[in-house]
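Me: I should like to go through this predicted model by question and answer. Please reason briefly each time and close on the value or name requested.

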Amino acid sequence: MLLCVTASHKTASFELLERLSRTPDDVAPTIVGMTPCVQGAVVLATCNRFEAYVEMDEPLTAAGAIGVEAVIEAVESATGIPATELDGAYTVHSGRRVAEHLFSVASGLESVVSGEGEIAGQVRRALKSARKDGTTSPELERLFQRASQAQRKVKNVTALGRAGRSLVRLALELADSRIADWSAERVLLVGTGAYAAVTLATLRERGAVDISVYSPSGRAAVFAAKHGIRPVAADEYARTAAHSSLLITCTTATEPVLGPEHLQLPVAAVAAGCPVGAHSRLVVDLGMPRNVDPAVAALEGVALLDLETIRLHAPLEELQATDAARSVVREAAETFHVVGSRQSVTPSVVALRSHIFELLEREIDRARARGDEDGKVEQALRHLSGVLLHTPTVRAHELAAAGRADEFTAALAALYGIAPEADASAADNAATA
């Protein structure tokens with residue numbers, strides 16, 4: 001069975017989400033190692049959510065409870081956050097609800113800003129990371145691949161992607177009230193990842209031209225050359241930050257990269273030519289964990305806009321998913337479930353077919369021994385076996401789609417005394433044969 005344990009901006013405090021975002025990369029392997037009942041795990045950690053997708057051994061009694069316990073213990077072990085502190089901060093989805101939830105997440109329907117596009121890439125990277133760690137399972141692979149397909153369909157056939165705004169765009173829209181002329185701003189971008197590229201493009205759309213970039217990891221020169229802006233060396237960082245009127249941070253650093261010590265020049269020295277309303281400098285922190293020391297907000301002439309503030313200002317209309325997008329997600333989730341159900345009954349269908357074909361070959365051998373030289377008896381027998389198998393096969397898929405695959409398996413055992421192969425590879429080999 002599939003299971004999802006999720007803590008998001010809808011269920012957890014910003015402070016808790018910030019701590020969860022520091023989750024080490026070994027959480028998924030830790031979950032898998034907690035109990036043999038866990039078949040696979042994929043962890044999705046973003047600035048507004050922490051989610052663990054787990055496949056549990058289906059026949060196990062109380063598999064859901066064991067899976068949740070494994071996730072909570074792994075998180076506690078990796079982050080030091082006590083399980084008691086997580087109580088009430090997460091929700092659990094299981095069975096059919098897992099696919100619909102992940103498809104909604106990948107499509108941006110569960111984001112702070114409905115329809116934001118960054119989450120789709122984060123979902124893909126979560127699967128890639130799990131593959132690298134060897135923690136995926138066939139069903140989790142199928143789940144995440146279908147999530148990407150659902151996201152693309154939502155983007156292509158609905159207006160959600162066009163109407164939705166990213167966190168970057170929303171942050172700069174909130175900054176609009178403080179900035180009279182974007183072309184007059186001295187902008188310092190701290191970070192060179194995917195968010196930095198989106199931020200840079202959005203700044204240019206608004207008319208910003210005086211833009212420099214600093215990278216705590218030393219990639220500023222490469223990023224600057226690619227995008228036609230100025231790189232800032234480590235020994236120039238503090239001076240450049242102090243002379244900038246708009247600073248935007250978006251790094252994956254686990255500790256603050258901008259603090260009061262970087263903004264200590266007198267306000268008068270940086271105010272000229274920097275029309276940012278009542279404040280001389282505006283700092284936008286898009287990092288999770290925080291990239292900016294909160295003490296920056298206490299500096300005279302400095303305003304700090306962080307993810308928590310951005311979340312509180314997200315317009316209600318942006319939080320409402322369109323009916324069309326929800327419909328696409330529901331249909332995709334239902335298709336995922338039906339296909340999965342049919343796959344779950346496949347070993348039983350293979351067992352039935354193998355049984356019938358074994359009987360068929362015996363009768364064909366007997367017919368040949370009795371003089372079936374022209375093969376007409378063999379042809380008739382093969383046709384008859386196909387006819388006999390058609391209805392049970394169709395019925396098996398119908399029962400599986402209704403969640404009653406076990407009835408078909410039980411009927412095979414009662415009528416023929418046969419059971420599906422326990423080993424999936426053996427079933428695949430039989431199907432191929």
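**Sheets, helices and core**

Reply: To begin, six strands make up an open sheet with parallel pairing, in the order β7-β6-β5-β8-β9-β10. The average twist from one strand to the next is 20°.

Me: Which strands stand at the edges of this parallel sheet?

Reply: The order of the strands is β7-β6-β5-β8-β9-β10. An edge strand has a single partner strand, so one side of it is left without a neighbour in the sheet. The strands in this position are β7 (230-232) and β10 (302-306).

Me: Which residue of β7 is the bridge partner of Tyr214?

Reply: Strand β6 covers residues 210-214 and pairs with β7 in the parallel sense over three bridges. In β7, the partner of Tyr214 is Val232.

Me: At about what angle to β5 does helix α10 run?

Reply: Helix α10 comprises residues 194-206. It lies across β5 (186-190), β6 and β8 (246-249). Its angle to β5 is about 165°.

Me: Which helix gives the largest share of the largest nonpolar core?

Reply: In soluble globular proteins, nonpolar side chains tend to be buried together. Here the largest nonpolar core has 35 residues, and Leu203, Leu246 and Leu286 have the most contacts inside it. The largest share is six residues, and it comes from residues 167-175, helix α9.

Me: With which residues is Leu203 in contact, leaving aside its neighbours within four places in sequence?

Reply: Leu203 is among the residues with the most contacts inside the largest nonpolar core. Beyond those sequence neighbours, its contacts are Leu172, Trp182, Val187, Ala208, Ile211, Leu246 and Ile248.

Me: What is the strand order of the open sheet with antiparallel pairing?

Reply: This sheet has four strands. Its edge strands, each pairing on one side only, are β2 (38-46) and β4 (91-94). The twist averages 15° from one strand to the next. The order is β2-β3-β1-β4.

Me: Which helix touches β1, β2, β3 and β4?

Reply: Helix α7 (residues 138-157) lies across β1, β2 and β3, at about 135° to β3. The helix that packs on the sheet and touches β1, β2, β3 (49-56) and β4 spans residues 63-79, and its direction makes about 135° with that of β3. That helix is α3.

Me: Is Cys4 buried or exposed?

Reply: Cys4 has His93 as its bridge partner in β4, where β1 (residues 2-8) and β4 pair in the antiparallel sense over four bridges. Buried means under 20% relative accessible area. Because its relative accessibility is 0%, Cys4 counts as buried.

Definitions and conventions: Residues are numbered from 1 along each chain as its sequence is written. This is a predicted model: local features need pLDDT of at least 70, side-chain atom pairs count only at pLDDT 80 or more; totals for chains, interfaces and linings use all residues. Side-chain values use heavy atoms; hydrogens and water are left out. Buried means under 20% relative accessible area, exposed over 50%, partly exposed in between (1.4 Å probe, protein chains only). Two strands pair if DSSP finds at least two bridges between them. Helices (H or I, at least four residues) and strands (E, at least two) are DSSP runs, numbered from the N terminus. Axes are lines fitted to C-alpha atoms, for helices over the stretch in contact, and angles run from 0 to 180 degrees between N-to-C directions. Contact means heavy atoms within 4.5 Å. A nonpolar core is a set of buried Ala, Val, Leu, Ile, Met, Phe, Trp, Tyr and Cys residues joined through side-chain atoms within 4.5 Å.
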